[in-house]
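User: Can you walk me through this one? I'd like the sheet, then the chain contacts.
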Amino acid sequence: MKSLLEAQNVTRIFDSGLLSKGHTVAVDGVSLMINEDKPSITTIAGESGSGKTTLARLLLGMIQPTSGSILYRGQSLTAMDRRARKKFRREVQAIFQDPYEAYNPIYKVDQTLTTPVRKFGLARSREEAQQRITDSLRMAGLRPEETLGRYPHQLSGGQRQRIMVARALLLNPRVILADEPVSMVDASLRATILESLVKVKRELGISLIYITHDLTTAYQASQNIYILYRGCVAEMGSVEKVIKNPKHPYTRLLVSSVPLPDPDIRWGREGEIEAKASAPSAPVKEGGGCKFSNRCPYVMAECRQAPPPLFLTDDDRAVACYLYKAGAPVSGRDMAKSLARD
Amino acid sequence: MDRNGCVLDVRDLRVSYHTAAGPVRAVNGVSFFLRPGERLGLVGESGSGKTTTALSLMRLLQESAVIEGGEVLLDGVDLLRLSEEQMRLARFADISLIPQGAMNSLNPMMKVGEQLRDTIRAHQHEGNSKVAIDARILEVLQSVELLASVMDSYPHELSGGMKQRVCIAMAILLNPKVIIADEPTSALDVVVQRQVMETLRRVQEALDASVILVGHDMGLMAQFVDRVGVMYGGKLAEVGPVRGIFKDPLHPYTQMLIKSLPNLDMKEDFRGIPGLTPSLLTPPSGCMFHPRCPHAMPRCSVDVPVLAEVKPDRWVSCHLYDGGQA
Amino acid sequence: MSAATLPGTTPFGALTTVWGALRRVVAFFRDNRLFTAGVVLLLALDLFGLIGLQLISPKGADMGAVPLNLSPSAAHPLGTDGLGRDMFAVMVIGIPNTFKIGFLAGAVGVLIGTLIGLFAGYYRGYVDTIFSSFADVMLVIPTLAILITVSAYVRVVTVELMAVIVGLLAWPLPARVIRSQTLSLRERLFVQVAKLSGQNDFEIITLQILPNLTAYLAASFVGAVSGGILASVGLEVLGLGPQNVPTIGRTLFYAFKYTALLRGMWWWWAPPVVTLAIIFTGLFQMSISLDKIANPRLKGSSRG
């Protein structure tokens, strides 16, 4: 197994202001791995404040970690020369949440497609460029004659988002990071766009990192999932186990709060969890134990002492919770590697 | 099931926006009714007309929008025919709104308590004493599970969920009969969303008020409402009890919408609805959905279907169900 | 539109874009009446000067060229001043000069200011701190005081030189405006997308950020031109600035010096004053309408 894209125990701290003492730990010791030999879809799930957006930017090389490293093909991003950097830039692409903001309003949408072709030298002639562009538009489920030559405001949100998918595909990347790709798109189009992403993995062998707060689509689309809570990994493993049989109290809270579109399965199935895990009183101080301890209905003394390591509960799932300390403790990096391998 | 005894009766509501490119029929003949104590969901995608409908009930549309026809009967009184002043008094007292992005519509320069007092004071004919006003506010804050200390806070000092609960409090201060909630939880996390929705449900049941929940999240509808109205292209495609809509949808759009919903039993099985949402500027002829409908008949591109009760309490506007009728 | 083609791939493609741009310009003038009014006003004034130059001999503006202190007549439509200059000739030469100074000063100020603003706003950090502090300091110092000091040292001043000097002091305000816009634009999602598509910093600044600043550039330019004209006229009225060429401010300087007001020689001081009023009205109209374009929320509701 060869590591394609990897986060090794990355932490990212943001300082607020020049002189103030306050700082936010957006990402706290997270490890993740994507296997080069096996295309997969991995979900990074969490709510706002979980650090998933920061982790995405770290993986894309747009910001640097405060500690730990991001590796591409085994090489740290900070140690790359220009050529390696350019290769990384080409092979790791992204699709963002907002199909409106992703476009510069003064240009036609063609510009988002011709720019990467030009900058990465993907075509030797105009005809070849044209062909590549129309091919990737079709792959994304669009008709070139209906989309090219238009300004962003002349197209619908769904079309704009699909053009972004086409843009990501143009470069023939190895990894695509999709940051909430369908949350701002109409419900009827979500399934279509998600389907084209899954198709991309299946037919083109491109691995996807799907970042979302929607556990249901995460279940449908991906194989592995990392549940983030305030910068830490709360639970990670196969999507089948984590979502159908969640173990970490936070995961259980999340899963039980998802409004299922079935009037017969209403909220209130997990009475205990919701009743006690209401809004936190005060945030847990640094080094003051598990970050969920001030909301957790199962909190014990050791939870407040030190943050729990990941405990292996199944061979394809680990939980960062002292409730499962009977399992073997495993490092984030080892678990990430093991998940990527299977 | 008849309309008698309903608290809100909307009849043939028509609203258009006048844009530089021409008139846009955002709400094109919408009729529905709301029973006392009932929770109705108005669901649809962008451009379906659901938010315009909700705002029209409160007569809070922007200047470019014109209510071109119809009646909105609240306990028999047509809100559309009231004077500006009468409507102003009716808002929040008889029918109130939790607007989209409500958390951001709280005045950042005023303490929460002051804003709540303002709501009461704007509607009182006889001057109620400050003591009585504050007592009412505290009562309401308690019902939404907020501490009294919230009164002295500024909006930015509260979390998203707390701000949303302040907006719920504001909406129920004067015991309205109808509460309209326009995507009240769209900016909230799934855990907080659930807490806020459960608060809303508790509060509404205690008041015995009716709620119209406007949104696009079918999951929320399934969890919260009693009846669902599905909107498409400015019209109601289908209205019915929530179980019926989800388990036995009648309109082809509703059927495809339900099928496209993500659920935990369909791994890698995505079923979207092909095609694009209709342009309201140049709408399709006949039925708005016919270009995307798998059951479209020749008639569908000519005749506009009418919302009719095809089964008890099941209303559909589709030619598949009006066999032979004019 | 039949088969989709990339723009500019056909020979007609280039023409259509130029024609398209022209049509957009015409539409712009049609939609922004106030702006057009201002432009027309200024153009008319400038034309008056340029056409007038063809009609009369510029020699009339030399001192002692014509009899002194004559009130307006057929031979001298605007009379003559106390230095023996035909006022009509003076205005006809002076007005274009004033425009020249204003535009040159405005261009220099906006050019320098934009470069600094773009750089400081995009790269932030030390570069930004240094330039912003410098700009803030300069904004506080009264530029007229600096100009007077500089003019005292620079003996012979041409119109162009004065314009450049004024322009060199006009950059802080455009720099601040462009910097703050750049600061916010650089965070926009389409900039991140452009980075992912391989564009380097230079391309992002010139191709992504700069084109979105046209409204601010235009507004800053109008502001800088106004400021430039005001500063130069101010200097001239004080007796500084170009001495060999008739300018509006210099005319006023002479008018004050030779007490034209008390002597009732209105044709000496009135034309420059009226001209200045027209110029500033035109510039003001342009700047309000540019404000509305830059900030669409000021537009108000459109009447359908």
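**Sheet and interfaces**

Analyst: Starting with the sheet: this is a predicted model. Chain A holds an open sheet of nine strands, in the order β6-β7-β8-β3-β9-β10-β12-β11-β13, and the pairing is mixed.

User: Which are the edge strands of chain A?

Analyst: They are β6 (92-95) and β13 (329-330) of chain A. Each pairs on one side only.

User: Do tell me about β6(A) and β7 of chain A: parallel or antiparallel?

Analyst: Parallel, over four bridges, with β7 spanning residues 175-179 of chain A. Within that strand, Leu177(A) is the bridge partner of Ala94(A).

User: What does helix α12 of chain A touch on the sheet?

Analyst: Helix α12 (residues 332-341) of chain A packs against β9 (224-229), β10 (232-238), β11 (310-314), β12 (317-319) and β13 of chain A. Its direction makes about 25° with that of β10(A).

User: New topic. How many residues of chain B are in contact with chain A?

Analyst: 34 residues of chain B, in contact with 32 residues of chain A.

User: Which element gives the largest share on the chain B side?

Analyst: α7(B), with five residues. Elements giving two or more residues there are α6 (190-207), α7 (218-224), α8 (242-247) and α9 (252-260) of chain B. By class, that side has 15 nonpolar, eleven polar and eight charged residues.

User: And chain C, how many of its residues are in contact with chain A?

Analyst: 19 residues of chain C, against 25 residues of chain A. Helix α8 (residues 189-196) of chain C gives the largest share of the chain C side, six residues.

User: What classes are the residues on that side of chain C?

Analyst: Eleven are nonpolar, seven polar and one charged.

Technical notes:
Residues numbered from 1 in each chain as written. Chains lettered and ligands numbered in written order. Predicted model: local features only at pLDDT ≥ 70, side-chain atom pairs only at ≥ 80, totals over all residues. Contact = placed C-beta atoms within 7 Å. Nonpolar A, V, L, I, M, F, W, Y, C, P; charged D, E, K, R; others polar. Pairing = 2+ DSSP bridges. Axes fitted to C-alpha atoms, helices over the stretch in contact; angles between N-to-C directions.
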